[in-house]
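The following note is offered to a colleague who wishes to examine the model residue by residue. Its points may be read beside the sequence and coordinates.

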There are 2 protein chains.
Amino acid sequence: MSRHSEVPVTSVEAHEPPYYVAVFTAVRTENQNDFSETNARMEDLVQGVAGFLGMDHAQTPGGLGITVSYFRDADALTAWRTNVEHRAAQERGRAEWYQSYTLHVAKVERSHGFLNGADEAP
Amino acid sequence: MSRHSEVPVTSVEAHEPPYYVAVFTAVRTENQNDFSETNARMEDLVQGVAGFLGMDHAQTPGGLGITVSYFRDADALTAWRTNVEHRAAQERGRAEWYQSYTLHVAKVERSHGFLNGADEAP
């Protein structure tokens, strides 16, 4: 999940397809003990996954959070999904931090960026 | 973009793959004249697209906004992408409302939901 408090706000750019997105939509519980620390650790950890391309995060206060992670290929996704420390964090998330979530893993077929009036293609 | 002010907060559920996601990440400008009205109109309009499955939205205040739209197939995506009123709104978005955005269109290969401790598969 991106450190969205930084300025300027940016998002992960369009890459050359194919690549993968993992779309994680979540509603959190009121118990957020250790969530921030664990989340920061996961942000650091995923950087070490070969083929990790970046992460976008948005959080509506009191509402839905969406985290989109980008990976070069299925192997990169598998490496992150099976990471032992990540799995432990997911387990704790289900037990404590998340009221509900949905994960959609998808292969990007096309992408497109726009910046300051100048169209961008990967 | 979902009406996230409603209670309870929910997100679009996992569907049976394959289906499509359109991931739209955006940073808005300070000029948001007519944005809310147009956005509400687009939310209504997309409901009429055959194969539209739903939409998730999260907005970090002063930061990134992420909208994820779900479609049954490529035809549904094309219908929405080529909708004349939608295209006009996109044009105005580039001219006025968006400082930057990225769109990733992807075919979902697997999905998974979690609710209140009970795993859910589509």
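1. Helix H3 of chain B comprises residues 84-97, 14 in number, and spans 19 Å from its first C-alpha to its last, close to the 20 Å expected at 1.5 Å a residue. That expectation is 1.5 Å times one less than the number of residues. Helices (H or I, at least four residues) and strands (E, at least two) are DSSP runs, numbered from the N terminus.

2. The model is predicted: local features need pLDDT of at least 70, side-chain atom pairs count only at pLDDT 80 or more, and totals for chains, interfaces and linings use all residues. Residues are numbered from 1 along each chain as its sequence is written, chains are lettered from A and ligands numbered from 1 in the order in which they are written, and side-chain values use heavy atoms, with hydrogens and water left out.

3. The buried residues of H3(B) are B:His86, B:Ala89, B:Gly93 and B:Trp97. They lie on the same side of H3(B), because they cover an arc of only 60° around the axis; the arc is that of the directions from the helix axis to the C-beta atoms. The face turned away from this buried side carries the exposed residues B:Val84 and B:Ala95. Here buried means under 20% relative accessible area, exposed over 50%, and partly exposed in between (1.4 Å probe, protein chains only). The cover over the buried residues of H3(B) includes strand S1 (19-28), helix H1 (35-46), helix H2 (74-81) and strand S4 (98-115) of chain B.

4. Helix H1 of chain A (residues 35-47) has 13 residues and reaches 19 Å between its first and last C-alpha, close to the expected 18 Å. In H1(A), A:Phe35, A:Thr38, A:Asn39, A:Met42, A:Glu43, A:Leu45 and A:Val46 are buried. Their arc around the axis is only 170°, which puts them on the same side of H1(A). On the other side, A:Ser36, A:Glu37 and A:Gln47 are exposed.

5. Chain A contains three helices and five strands, in the order β-α-β-β-α-α-β-β from the N terminus on. Of its 122 residues, 48% are buried. Among contacts (heavy atoms within 4.5 Å) with a separation of 6 or more in chain A, 77% join residues 24 or more positions apart.

6. How many cavities of 30 Å³ or more does a search of the whole structure find? The search finds two, and the largest holds about 50 Å³ of space. Eleven residues line the largest cavity, and the closest to its centre are A:Ala26, A:Arg28, A:His57, A:Gln59 and A:Gly65. By class, this lining has six nonpolar, four polar and one charged residues. A cavity is a set of points on a 1 Å grid over the protein atoms alone where a 1.4 Å probe fits but cannot get out, and lining residues have an atom within 4 Å of a point. Grid points are joined across faces, edges and corners, and a volume is the space filled by probe spheres set on the points.

7. A:Gly65 belongs to strand S3 of chain A and is buried, with a relative accessible area of 6%. Beyond residues up to four places away in sequence, A:Gly65 touches A:Phe24, A:Thr25, A:Ala26, A:Ala58, A:Gln59 and B:Ala58.

8. Two backbone features merit inspection. A cis peptide bond, with omega about 0°, joins A:Pro17 and A:Pro18. A:Asp34 has a positive phi of about 70° although it is not a glycine; A:Asp34 lies in the loop between S1 and H1 of chain A.

Technical notes. On a 1 Å grid over the protein atoms alone, a cavity is a set of points where a 1.4 Å probe fits but cannot get out, and a pocket is an open set with protein on both sides within 12 Å along at least five of seven lines; lining residues have an atom within 4 Å of a point. Ala, Val, Leu, Ile, Met, Phe, Trp, Tyr, Cys and Pro count as nonpolar, Asp, Glu, Lys and Arg as charged, and the others, Gly among them, as polar.
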